[in-house]
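Q: Let's go through this model together, a piece at a time. Pull it up and I'll start asking.

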Amino acid sequence: MKVSIAIDGPAAAGKSTVAKIVAKRLNISYIDTGAMYRAVTWYCVTNGIDCQDEAACSAIISNVHIDLKLDDTVWCNGTNITEAIREPFVSSQVSYIASYKDIRLEMVKQQRAMAADHSVIMDGRDIGTYVLPDADIKIYQIASIETRAIRRYEEDLEKGIQTSLEEVEDELRKRDYIDSHRDFAPLKPAPDSILLDTSYLTVEQVVEEIINIVKKKMGEE
Ligand code: CDP
């Protein structure tokens, strides 16, 4: 049976961490749509294109060939950019890139193609509202800003990225603001989504919750 699961929510709510585990448990594909916007941002920054110049960024979109591999590595035009796209020089610019309609239309086309003929769990900002409006299960995953900032700060430390908790929190707030106020496909819960507040839940508890939702929903059909 084909199943499509959409997970949306603000920055660093733990979507990708749980989505990866759920994908493995259910033996379905995981698609990290945020990595795609990060890849375009990486391309613009490394090619000296101003990420706040919509026309210049939109003009290069056909030069950017993104490959999300099964081992969760991210490639752009043959370069492994898995680690680079988590760096602050990308995180601080990605929400500008993600607000440009022509760039989104191209990313969404690729995302829908990836979900067309097999089961997927896809995480992002507009999956339940725009990319896969007919997804079988829609989760809107949230956590308090304090929790999200601590989680991301600790992840950054593990990756050797130098920041402060204050800088991380500021960046998350800024991205959430831009992501939820853009004109095209902004961050917001789909009306038929299930709200999952993970502030006081462990990763394993969130995974269990999602798998139970999937089993219940798919068992009903
Ligand atoms: O992992 P984190 O929550 O920090 O963010 P991400 O999922 O890697 O997404 C990075 C950025 O890409 C977001 O802040 C959005 O600006 C953008 N994005 C989007 O607009 N639409 C999506 N479907 C996924 C990400």
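**Core, sheets and ligand**

Q: Start with C44. Leaving aside its neighbours within four places in sequence, what is it in contact with?
A: C44 touches I49, C51, C57, I60 and I97. Contact here means heavy atoms within 4.5 Å.

Q: What should I know about the model before we go on?
A: It is a predicted model: local features need pLDDT of at least 70, side-chain atom pairs count only at pLDDT 80 or more, and totals for chains, interfaces and linings use all residues. Residues are numbered from 1 along each chain as its sequence is written, and side-chain values use heavy atoms, with hydrogens and water left out.

Q: Back to packing. Which residues touch the most other members of the largest nonpolar core?
A: V40, C44, I97, I103, M107 and L132, out of 38 residues. A nonpolar core is a set of buried Ala, Val, Leu, Ile, Met, Phe, Trp, Tyr and Cys residues joined through side-chain atoms within 4.5 Å. Buried means under 20% relative accessible area, exposed over 50%, and partly exposed in between (1.4 Å probe, protein chains only).

Q: Which elements give two or more residues to it?
A: α2 (33-46), β4 (74-76), α5 (94-97), α6 (101-115), β6 (120-124) and α7 (127-131). The largest share is 8 residues, from α2. Helices (H or I, at least four residues) and strands (E, at least two) are DSSP runs, numbered from the N terminus.

Q: What about the second core?
A: It is separate and has 20 residues, A19, A23, Y30 and I121 among them.

Q: I121 is in β6, then. Is that strand's packing enclosed or open, and why?
A: β6 is largely enclosed by the rest of the structure, because 5 of its 5 residues are buried. V120, M122 and G124 point one way, and I121 and D123 the other.

Q: Which strands pair with β6?
A: β1 (residues 4-8) joins β6 through 5 bridges, running parallel. β2 (residues 29-32) is also parallel to β6, over 4 bridges. Two strands count as paired if DSSP finds at least two bridges between them.

Q: Where do the bridges to V120 come from?
A: In β6, V120 is the partner of S4. V120 is the partner of S29 too.

Q: Go to the other side of β1. How many bridges does it share with β7?
A: 4, in the parallel sense. I7 is bridged to I139 in β7. Then β7 pairs with β8 (residues 194-197), again parallel and over 4 bridges. There, Q141 stands opposite L196.

Q: How many residues of β7 are buried?
A: 5 of the 6 in that strand (residues 137-142), so β7 is largely enclosed by the rest of the structure.

Q: What about β3, β4 and β5?
A: Those 3 strands form an open antiparallel sheet, in the order β3-β4-β5. β3 (66-68) and β5 (79-80) are the edges, each pairing on one side only. β4 and β5 are joined by 2 bridges; W75 is partnered by N80.

Q: Anything odd in the loop between β4 and β5?
A: N77 sits in that loop. Its phi is positive, about 50°, although it is not a glycine. For context, most residues other than glycine have a negative phi. N77 is partly exposed, at 37% relative accessible area.

Q: And what of N27?
A: Its phi is near 60°, also positive. N27 lies in the loop between α1 (15-26) and β2. It is exposed, at 71%.

Q: Now the ligand. Which residues come nearest?
A: R38, R152, R175, D179 and R182, of the 20 residues around it. A residue is near if one of its heavy atoms lies within 4 Å.

Q: What polar contacts does the ligand make with D126, D179 and R182?
A: A ligand nitrogen is 2.8 Å from a side-chain N or O atom of D126. Ligand oxygen atoms lie 2.6 Å from a polar side-chain atom of D179 and 2.7 Å from one of R182. The protein covers 98% of the 520 Å² of accessible area that the ligand has on its own (Shrake-Rupley method, 1.4 Å probe). α2, α5 and α9 (165-181) each give two or more residues to the shell. α2 gives the most, with 4 residues.

Q: Last one. Where is H181, and what does its side chain meet?
A: H181 is in helix α9. A polar atom of its side chain lies 2.8 Å from the backbone oxygen of Y177. A polar contact is a pair of N or O atoms within 3.5 Å; within protein, one must be able to donate a hydrogen and the other to accept it, and residues adjacent in sequence count only if both atoms are side-chain atoms.
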